[in-house]
Each structure stands twice: as C-alpha cells, then as structure tokens.
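Please open the model in your viewer and keep the sequence panel beside it, since the tour moves from one selection to the next. Each stop names what to select and then says what is there.

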Amino acid sequence: DPLIVENYYSRRKDLENPAWRDRLDCIRTAIYDWPYKAIVASNGERELYKLDVDPGEAHDLAEEEPQRLQRMAAELRSFMDDRGRFGKPTAPQEPLSEQEIRRLKSLGYLGD
C-alpha cells in the first residue's frame with residue numbers, strides 16, 4: 001500500500017534561510033509507491049522521484065512521467081479527502097501505567 005507523509009516546517013532558521021525559504025513556505029505532502037515518491041505542495045508545485053535509482057532526489061521526473069505523477073497525486077488527494085472519516089484521536093480511558101510513563105519519558109515525550 002502507498003505510504004503518505006506530511007512535512008510542516010516551523011524552525012525560524014529554515015524559514016528565513018534564502019536557500020530554503022520558498023521551498024519550505026508551504027505544506028509538502030508525499031506519497032510513496034515504491035520505487036516512486038511524489039510530492040505535492042500546498043503552493044501547487046509537484047515533484048516525482050524514482051528512489052531506487054535516485055535516492056538523493058536529484059532528478060525530478062515530473063515532466064518525464066506526468067501520468068504517473070497525476071495518478072499518484074490523485075491517490076494522495078483521495079486519501080486526504082477521506083481522512084476526515086477517521087475522526088480525531090481520543091485520550092485513553094484508563095490512566096497510563098508506571099511502565100508506560102517510564103517508556104514515554106525515555107522517548108522524550110513527558111520530560112524528566
């Protein structure tokens with residue numbers, strides 16, 4: 001099954017960096033369908049990469065494979081349109097155990 005990811009940048013140093021500012025001033029959502037990765041940005045930009053031969057994403061295939069990019073973008077859009085049906089996450093009904101609390105702390109989620 002395809003994998004969906006979203007990338008939101010919030011670090012001021014990245015958003016103010018002239019080399020990255022335009023690229024990061026949007027929400028970039030990607031769909032992976034191995035070996036392809038399609039990226040659709042909220043500013044309308046689209047990219048397509050074939051990761052098995054281009055793991056560094058240096059060669060954008062958007063113009064060379066527009067049908068593939070269109071299909072993947074449509075699948076991504078369909079997923080994004082449907083994702084409201086899953087509802088919002090809810091808080092656990094039972095308190096966390098001491099073991100769960102220790103585990104979350106060890107992962108950096110609850111502080112010291």
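Helices (H or I, at least four residues) and strands (E, at least two) are DSSP runs, numbered from the N terminus. This is a predicted model, in which local features need pLDDT of at least 70 and side-chain atom pairs count only at pLDDT 80 or more, while totals for chains, interfaces and linings use all residues. Residues are numbered from 1 along each chain as its sequence is written, and side-chain values use heavy atoms, with hydrogens and water left out.

**The whole chain**

Begin with the whole protein, coloured by element: there are four helices and four strands, and from the N terminus on they run β-α-α-β-β-β-α-α. Next, colour by pLDDT, the predictor's confidence in each residue, from 0 to 100. The protein averages a pLDDT of 81, and 71% of the residues score at least 70. Strand β1 (residues 3–7) has the lowest mean pLDDT among the elements, 64, whereas β4 has the highest, 96. Where pLDDT is low, the predicted coordinates should not be read in detail.

Now switch on the surface, with accessible areas taken from the Shrake-Rupley method with a 1.4 Å probe, where for residues only the protein chains shown count as cover. The protein exposes about 8800 Å², of which carbon and sulfur atoms supply 49%. Buried here means under 20% relative accessible area, exposed over 50%, and partly exposed in between (1.4 Å probe, protein chains only). By that rule, 21% of the 112 residues count as buried.

**The strands β2, β3 and β4**

Select β2 (28–33) and β3 (36–41) together. Two strands pair if DSSP finds at least two bridges between them; β2 and β3 do so in the antiparallel sense over six bridges, and a hairpin joins them through two residues. In the loop between these strands you will find Pro35, which a cis peptide bond joins to Trp34, with omega about 5°.

Add β4 (46–50) to the selection. β3 and β4 also pair in the antiparallel sense, over five bridges, and form a hairpin with four residues between them, where Gly44 in the turn has a positive phi of about 95°. To follow the register across the strands, pick Ala38 in β3, which stands opposite Ile31 and also opposite Leu48 in β4. Lys37 has Tyr49 as its bridge partner in β4.

How many of the six residues of β3 are buried? Five of them are, so β3 is largely enclosed by the rest of the structure.

Then select Arg28, whose place is in strand β2, and show its side chain. Arg28 counts as buried, at 10% relative accessibility, and a polar contact of 2.9 Å joins its side chain to that of Glu47. (A polar contact is a pair of N or O atoms within 3.5 Å; within protein, one must be able to donate a hydrogen and the other to accept it, and residues adjacent in sequence count only if both atoms are side-chain atoms.)

**The nonpolar core**

A nonpolar core is a set of buried Ala, Val, Leu, Ile, Met, Phe, Trp, Tyr and Cys residues joined through side-chain atoms within 4.5 Å. For the largest one, select nine residues: Ile31, Tyr36, Ala38, Leu48, Leu61, Ala62, Leu69, Met72 and Leu76. The elements that give two or more residues to this core are β3 and α3, and its largest share, three residues, comes from α3.

Centre on Leu76, found in helix α3, which counts as buried at 4% relative accessibility. The C-alpha atoms of Leu76 and Val40 are separated by 8.5 Å, although these residues are 36 apart along the chain. Move on to Leu61 and display its contacts (heavy atoms within 4.5 Å): leaving aside neighbours within four places in sequence, Leu61 is in contact with Tyr36, Leu48, Tyr49 and Lys50.

**Loop and C-terminal stops**

Select Glu57, in the loop between β4 and α3 (66–82). Its phi is near 55°, a positive value in a residue other than glycine, and Glu57 is partly exposed, with a relative accessible area of 24%.

Finally, select helix α4 (residues 98–106), which is hardly covered: the count of buried residues among its nine residues is zero. Gly108 follows α4, and its phi is positive, near 90°.
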